[in-house]
Amino acid sequence: MTRAAYTAILLAATMICGTGAAWAETVTLQQGAANYNGCTTRTMVETRPSDVPDDGLFYLRGSLNSLHLRFELPKREGALARARLMVFLPSARRPNKFTEIFCHEAISGGRQLSFDEVTDYDNGRRKGAVDSVELFAPPHEGWPDFPFLPLGVPEGGRWIEFNITPLVERWLSREAANHGVMLIPTDCPDPKSPSTWEIDIPTATNTEVPLRPKLVLEYDQPELLAGMTDSLRRICDRSTRYGHGGPYATSYKLSMAADEFEALQVVLYPMLSDLKGVRLDLSGLVSGEGNRIPAADIEYFTEDVYQLRRNWMTRGLMFAGKLYDTADPLVPGKPIDIRRHTHTPFYVRVRTRPDTPAGTYRG
């Protein structure tokens, strides 16, 4: 293919966003680590503690039990930017399709616990759930191979995390309200597929200290995190399936021919508060030879969210009865409001004209 027939263009975009915080600090609370001794865990059967003696493991068996965790919070100066609860999953046995683990606030103490089933966090989860994590099974009979689904518990295990910032902020201001959280596994929405998952989760008394639950507190962080990724990835924190898949690059290279359209996504994540009226200001791109791709040939779209519906292709298969929120429709760029701790993508499309010279264009 001759140069006249094919003109290659390499685009590089760099973005700097938000305010830096040289004093940013991350504090990790983990029982037995760094002299911390304020985490308690216990297995619950419905809302009552299990009679099984504590041996350092929480035995997730389908949806029959839940895990109660409570961390005593240190008094600290500075603004809390984010609080992430993390638990380790060493392995999974008998996984069928998927299970979802919901994180609810415990709203009473003592032996008889209750949990929040009312608060609407407007996060795509059921009422009362501040966050959730889905675990997808590996392929097996009755569950085909879906290479685009992340494996719930890979070989060697994995950490899962729940954003519980609104709870921790309330507990820091009112210590008596801190009754901890409950992690509650559920069945598939499809009544024909009750969960058979079996996972032994290390608790606060596990002999391996590094595998005990952690509460990661981030203070005085930048106001806004920003990055870039390809245009094919769906990003929607309202669904664990389409949740944050980063890390996202702070620069992005795009290769394209003349007389073509290509795209990327700019992803914004506010750390401290909601942001109002956010828009992208896009510059033109300039090559080392002084050739230009004008700003008029670069446009962006916001990404609307809708809930997937059941149909002949999805029913009983990849969604197992679950109705997901997902990003898909592209709306011409306009200022939008962005919620705190929500990855919000902007779809950026670049056009090259037929006479665009080859080169490396930056902007």
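Which residues does Val87 touch, not counting residues up to four places away in sequence? Before selecting Val87, please keep in mind that this is a predicted model, in which local features need pLDDT of at least 70 and side-chain atom pairs count only at pLDDT 80 or more, while totals for chains, interfaces and linings use all residues. Residues are numbered from 1 along each chain as its sequence is written, and side-chain values use heavy atoms, with hydrogens and water left out.

**Stop 1: Val87**

Select Val87 in strand 7 (residues 80-89); strands here are DSSP runs of E with at least two residues, helices are runs of H or I with at least four residues, and both are numbered from the N terminus. With contact meaning heavy atoms within 4.5 Å, Val87 touches Leu69, Arg158, Trp159, Ile160, Phe162, Leu183, Ile201 and Pro213, not counting residues up to four places away in sequence. One of these partners, Ile201, is 114 residues from Val87 in sequence, yet the two C-alpha atoms are 7.4 Å apart in space. The relative accessibility of Val87 is 1%, so Val87 counts as buried; buried means under 20% relative accessible area, exposed means over 50%, and partly exposed covers what is in between, with a 1.4 Å probe and protein chains only.

**Stop 2: the whole chain**

Now zoom out to the protein chain, whose secondary structure comes to one helix and 24 strands. Its C-alpha atoms fill a box of roughly 75 × 55 × 35 Å, taken along the principal axes, and buried residues make up 48% of its 363 residues. Among contacts with a separation of 6 or more, 81% are between residues 24 or more positions apart.

**Stop 3: Thr229 and Val348**

Next select Thr229, found in strand 14, which counts as buried because its relative accessibility is 6%. Leaving aside neighbours within four places in sequence, the contacts of Thr229 are Ile235, Tyr248, Tyr252, Leu264, Gln265 and Val267.

Then move to Val348 in strand 23, where a relative accessibility of 6% again means that the residue counts as buried. Outside its neighbours within four places in sequence, Val348 is in contact with Glu262, Ala263, Leu264, Val266, Leu280, Leu282, Ile298, Glu299 and Tyr300. If you also display Gly333, you will find its C-alpha 9.2 Å from that of Val348, the two residues being 15 apart in sequence.

**Stop 4: aromatic pairs**

A pair of aromatic rings is described by the distance of the centres and the angle of the planes. Rings of Phe, Tyr and Trp (its six-membered ring) pair if their centres lie within 6.5 Å, and planes under 30 degrees apart count as stacked, over 60 as edge-to-face and the rest as tilted. A search of the whole structure finds seven aromatic pairs. In one of them, Trp143 and Phe146, the ring centres are 5.3 Å apart and the planes stand at 70°, so the pair is edge-to-face; both residues are buried.

For another, select Tyr242 and Tyr324, whose ring centres are 6.5 Å apart with planes at 75°, so this pair is also edge-to-face. Tyr242 lies in the loop between strand 14 (224-230) and strand 15 (251-257), and Tyr324 in the loop between strand 20 (298-307) and strand 21 (325-332), so the pair ties together parts that are 82 residues apart in sequence. Tyr242 is buried, with a relative accessible area of 9%, and Tyr324 is buried too, at 1%.

**Stop 5: charges over rings**

Which ring does the charged end of Arg241 sit over? Keep Tyr324 selected and add Arg241, and you will see its charged end over the ring of Tyr324, 5.9 Å from the centre; the criterion is NZ of Lys or CZ of Arg within 6 Å of the ring centre and within 35 degrees of the ring normal. Arg126 likewise lies over the face of Phe102, at 4.0 Å from the ring centre.

**Stop 6: two positive phi angles**

Is Ala34 buried or exposed? Select Ala34 in the loop between strand 2 (25-30) and strand 3 (39-45): it is exposed, with a relative accessible area of 76%, and it has a positive phi of about 55° although it is not a glycine.

Finally, select His341 in the loop between strand 22 (336-338) and strand 23 (344-352). The phi of His341 is near 60°, a positive value in a residue other than glycine, and at 14% relative accessibility His341 counts as buried.
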